[in-house]
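Good morning, and thank you for coming. I would ask you to keep the structure in view while I speak, and to find each residue as I name it.

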Amino acid sequence: MRIIAGSLRGRRLNPPQNLPVRPTTDMARESLFNILNNYVDYEECSVMDLFAGTGAVSFEFVSRGVREVTSIDINAQCTDYIKAECVRMGVRNMHVVRADVFDLLKRANRKFDIVFADPPYALVGLTTLPDMVFERQVLTEDGIFVLEHPRDYSFEVHPHFWQHRNYGKVNFTFFANKLEE
């Protein structure tokens, strides 16, 4: 895996083989950021990356100049790896938190400009994530929530649904408080 753009462009992430993750492909990450580039001023953004895994998406946000990233994962191997990569790359604006995403969302008390979630595709409760994000008001007024999920799910009837994109086996559904065309 490589970081696609920004100050860390070209840097490689080489996670241990035993991490229980399914990283977002380089192609899908590049497509995701091509979409976000049209709507986001990264320098003004705070980001929360749920189910951070290898941290690839978090590092991509950092590389593009976001103000801060909070990376959440329940797996200690994942959070230890992300912390070690922060040290290796000199990243100082990423906060790595080992926590259960559902518990964290239940007690969330701050807002983010972007919330990205890449849960395990077989995760029980995957479909509840959009409701939790909006019920707990985790997004700023102009915030965007991006959920990566398998093709078996459709969120088009969700009241905050904004758009859906498909890249092979990777699906991104975008949600927002303020819906733009």
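In helix H1, residues 26-36, the buried residues are Ala-28, Arg-29, Ser-31, Leu-32, Phe-33, Ile-35 and Leu-36. Please bear in mind throughout that this is a predicted model. What covers the buried residues of H1? The cover includes helix H2, strands E4 and E5, strand E6 at 161-167, and strand E7 at 170-176.

In the segment before H1 we find Thr-24. Is Thr-24 buried or exposed? Its relative accessibility is 4%, and because burial is set at under 20%, Thr-24 counts as buried. Leaving aside residues up to four places away in sequence, Thr-24 touches Arg-29, Val-57, Phe-116, Asp-118, Glu-148 and Phe-172. One of these contacts, Arg-29, is among the buried residues of H1. A contrasting case is Phe-102, which is 78 residues away from Thr-24 along the chain; the two C-alpha atoms are separated by 21 Å.

Let us now turn to H2. How many of the eight residues of H2 are buried? Eight of the eight are, so H2 is largely enclosed by the rest of the structure. To name them in order, they are Ala-56, Val-57, Ser-58, Phe-59, Glu-60, Phe-61, Val-62 and Ser-63. The cover over these buried residues includes H1, strand E1 at 46-50, strand E2 at 68-73, helix H3 at 76-89, strand E3 at 94-98, and E4. H1 and H2 therefore appear in each other's cover: H2 is listed over the buried residues of H1, and H1 over those of H2. Just after H2, Gly-65 takes a positive phi of about 95°.

Strand E3 also holds a residue that I should like you to find, namely His-95. At 39% relative accessibility, His-95 counts as partly exposed, because the value falls between the limits of 20% and 50%. Beyond its neighbours up to four places away in sequence, His-95 touches Glu-68, Val-69, Thr-70 and Ser-71. His-95 and Ser-58 are 37 residues apart in sequence, and their C-alpha atoms are 9.9 Å apart in space.

Next, the backbone. Most residues other than glycine have a negative phi. Which residues here, other than glycine, have a positive value? Two examples are Phe-51, with phi near 60°, and Gln-137, with phi near 50°. Phe-51 is found in the loop between E1 and H2, whereas Gln-137 lies in the loop between helix H5, residues 129-135, and E5. Their surroundings can be set side by side: Phe-51 counts as buried, at 16% relative accessibility, while Gln-137 is exposed, with a relative accessible area of 52%.

Phe-51 leads us to the pockets. The largest pocket holds about 410 Å³ of space. Its lining is made of 27 residues, and those nearest its centre are Phe-51, Gly-53, Asp-73, Asp-118 and Pro-120. The elements that give two or more residues to this lining are H2 and helix H4, at 101-106. By type, the lining residues divide into 17 nonpolar, five polar and five charged. Asp-118, one of the residues nearest the centre of this pocket, is also among the contacts of Thr-24.

The second largest pocket has about 230 Å³ of space. Which of its 14 lining residues are the closest to its centre? They are Tyr-39, Val-40, Asp-142, Gly-143 and Ile-144. Strand E4, at 112-117, and strand E5, at 139-149, each supply at least two residues of the lining. E5 gives the most, with four residues. Here the lining divides into seven nonpolar, two polar and five charged residues.

Finally, the aromatic rings. A pair of aromatic rings is described by the distance of the centres and the angle of the planes. In this model the count comes to twelve aromatic pairs. Ring pairs link Phe-134, Phe-145, Tyr-153, Phe-155 and Phe-175 into a cluster. A ring may also have a charge over it: the charged end of Arg-22 sits over the ring of Tyr-121, 3.6 Å from its centre.

That concludes my presentation. Thank you for your attention.

Notes: Residues are numbered from 1 along each chain as its sequence is written. This is a predicted model: local features need pLDDT of at least 70, side-chain atom pairs count only at pLDDT 80 or more; totals for chains, interfaces and linings use all residues. Side-chain values use heavy atoms; hydrogens and water are left out. On a 1 Å grid over the protein atoms alone, a cavity is a set of points where a 1.4 Å probe fits but cannot get out, and a pocket is an open set with protein on both sides within 12 Å along at least five of seven lines; lining residues have an atom within 4 Å of a point. Grid points are joined across faces, edges and corners, and a volume is the space filled by probe spheres set on the points. Ala, Val, Leu, Ile, Met, Phe, Trp, Tyr, Cys and Pro count as nonpolar, Asp, Glu, Lys and Arg as charged, and the others, Gly among them, as polar. Buried means under 20% relative accessible area, exposed over 50%, partly exposed in between (1.4 Å probe, protein chains only). Contact means heavy atoms within 4.5 Å. Rings of Phe, Tyr and Trp (its six-membered ring) pair if their centres lie within 6.5 Å; planes under 30 degrees apart count as stacked, over 60 as edge-to-face and the rest as tilted. A charge sits over a ring if NZ of Lys or CZ of Arg is within 6 Å of the ring centre and within 35 degrees of the ring normal.
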